Amino acid sequence: MIRLSIPARQALSKLTLPVLVVAAFGLMLLGKADTILAERARMALNDALGPIYAVLAEPLGAINSAVTETGQLWNLRAENVKLREENEYLRRWQTIALALDAENARLKASLNWIPDPTANFVTARVVADAGGVYARAALLAVGPNHAVRKGQIALDERGLIGRVTEVGSRTARVLLITDLNSRIPVTMETSRARAILVGTNGPRPRLLYWPEGVQPQEGERIVTSAEANAFPANLPVGTVRHSRSGVPEVEPFAMLTRLEIVRIFDYGLNGVAAPEAAARTTPGRH
Amino acid sequence: MAVRHRNPGIRPHPTIGQWLDRAARAAFPATCSVFIMLLTLAPFGVAGQAVLLPAVTLACIWFWSLFRPAAMPPPAVFGIGLLLDLLGYLPLGVGVLTLLLVHGFALRLRRFLAQQGFALSWLAFVPIAAGAAFLSWALVALLTLRLVPIGLAVFQAVLSATLYPVLAIPLAWAHRSIAEAEPG
């Protein structure tokens, strides 16, 4: 260690803070100039921490489910009655759905319909929230030799949750449809009108840019549209709910606040790069 | 084990054990802050958990800068800020600048606050936490060129101020026992 005189040491210690504050501004500029640097550092950190959180996820998940189960025990009877009613209702729907399915198959056969290609998928566990305060994203543990790529589509058992934006060696980050930077081409199911689903960081993303003469109906189902070749058509997204001020929002089918297991589909689409990836392909950058 | 020399004069070279002991005690505040930060990211499955990270980090920096600045020097604050930016998905530099400013404020106020006891240090932390949350929010909006909802910044400030006493009790205990350079 270098030995300095006491006044010199005091002067140096007084200078450290201002110098570091300037360095913080420098870091901001660096982060703006080179977005890949921060992304790489983040994914390296995630790859290191991911396995630890993956190990923690199981006991913590068990505790969580035990707590929810205790809560559910309280209203077991009410829940049971509700489920019976719902079951009856769904049974009626099942017969209709089966009839429609058979009819659909007959019609497709007589039309020589080209079937949609089936997509490959991998299933991954959500190990951490990867959004921070001002973003909505999830971190997935995908294992060391994975085939997850940017732009692939993530769904839970109910509907669309988002797209893969960053891929590390063991982890992948999925930007959720509720994120501020998320823009998804969608179709309203009854009117077949196109629109864009815009994330707001809130629980419900907004609908924007629907064509004139069409109004999103309350409760209407929203599915993805194949426009721009970023998504396959007809993945379930959510239902329309009007906010108090009359703005059409979409209540996602997916349980975005408690994601546990996620499927990542490879539809072989690469029409539009995911938001973070878009920053990479700006001109003058490799 | 360690023989302490309270009297001035020539002292024997510290043994490796003593040296390690001293280094571990000096590194405790920064290490424990990092550990708490990593802990907030564990998959608890609580909604809005992401806000915990900046809130808790802020409280840790305030506590150690106020009561043990020698073990929480500006470079350590810088490192913790960088970790906050990376783990919390903030634009680079936002966490660093915010924490350095909080550290600076703590150093300015510590002469006065360290003697006044816990309640006043908490009271002083409330506006600091609010200012820090607002500064982060403004910097994020400026650097991403997007108007991010301010509600989250308010939530972060409130959470930070509420969690400070919860954190400060074990930290104060650690401050008196583990982090003490020469326990007496």
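Me: Which residue is the bridge partner of A:Arg125 in β2(A)?

Reply: In this predicted model, A:Arg125 has A:Ala141 as its bridge partner in β2(A), and A:Ala128 has A:Leu139 as its bridge partner in the same strand, β2(A).

Me: How do you know that β1(A) and β2(A) count as paired strands?

Reply: Two strands pair if there are at least two bridges between them. Strand β1 (residues 120–129) of chain A is joined by four bridges to strand β2 (residues 137–141) of chain A, so the condition of at least two is met and the strands are paired. Their sense is antiparallel.

Me: What makes β1(A) and β12(A) a pair as well?

Reply: Here six bridges link β1(A) to strand β12 (residues 261–266) of chain A in the antiparallel sense, and because at least two are needed, these strands also pair. Within this pairing, A:Val122 stands opposite A:Ile264 in β12(A).

Me: Why is the sheet in chain A called a barrel?

Reply: Six strands of chain A close on themselves in the order β1-β2-β5-β4-β3-β12, with antiparallel pairing. Neighbouring strands of this sheet are turned against each other by 45 degrees on average, direction ignored. Helix α2 (residues 35–74) of chain A packs on the sheet, where it touches β1, β2, β4 (160–167) and β5 (171–176) of chain A.

Me: How would you describe the direction of α2(A) against that of β1(A): roughly parallel or roughly perpendicular?

Reply: The two directions make about 85 degrees. Angles of 65 to 115 degrees count as roughly perpendicular, so α2(A) is roughly perpendicular to β1(A).

Me: Why are α1(B) and α3(B) called roughly parallel?

Reply: The axes of helix α1 (residues 16–40) of chain B and α3(B) come within 11 Å and cross at roughly 10 degrees. Since angles under 35 degrees count as roughly parallel, the two helices are therefore roughly parallel to each other. The contact is made by B:Ala30, B:Ser33, B:Val34 and B:Met37 of α1(B) together with B:Ala76, B:Ile80, B:Leu83, B:Leu84 and B:Leu87 of α3(B). By class, the residues of this contact are eight nonpolar, one polar and no charged.

Me: How many helices and strands does chain B have?

Reply: Chain B has six helices and zero strands, and its elements run α-α-α-α-α-α from the N terminus on. Of its 184 residues, 40% are buried.

Me: What makes up the side of chain B that touches chain A?

Reply: On this side, 32 residues of chain B are in contact with 35 residues of chain A. Helices α3 (74–87), α4 (94–116), α5 (118–144) and α6 (151–176) of chain B each supply at least two residues of this side, with the largest share, five residues, coming from α3(B). The side of chain B that touches chain A has 25 nonpolar, six polar and one charged residues.

Me: Which residues have the most contacts inside the largest nonpolar core?

Reply: This core has 105 residues, and those with the most contacts inside it are A:Leu140, A:Ile161, A:Val174, A:Leu197 and B:Trp62. Helix α2 (residues 52–67) of chain B gives the most to the core, with 13 residues. Leaving aside residues up to four places away in sequence, A:Ile161 touches several residues, including A:Val174, A:Leu176, A:Ile177 and A:Leu256.

Technical notes. Residues numbered from 1 in each chain as written. Chains lettered and ligands numbered in written order. Predicted model: local features only at pLDDT ≥ 70, side-chain atom pairs only at ≥ 80, totals over all residues. Core = buried A, V, L, I, M, F, W, Y, C linked by C-beta atoms within 7 Å. Buried ≥ 20, exposed ≤ 12 C-beta atoms within 10 Å, placed from the backbone. Contact = placed C-beta atoms within 7 Å. Nonpolar A, V, L, I, M, F, W, Y, C, P; charged D, E, K, R; others polar. Axes fitted to C-alpha atoms, helices over the stretch in contact; angles between N-to-C directions. Parallel < 35°, antiparallel > 145°, perpendicular 65-115°, else oblique.
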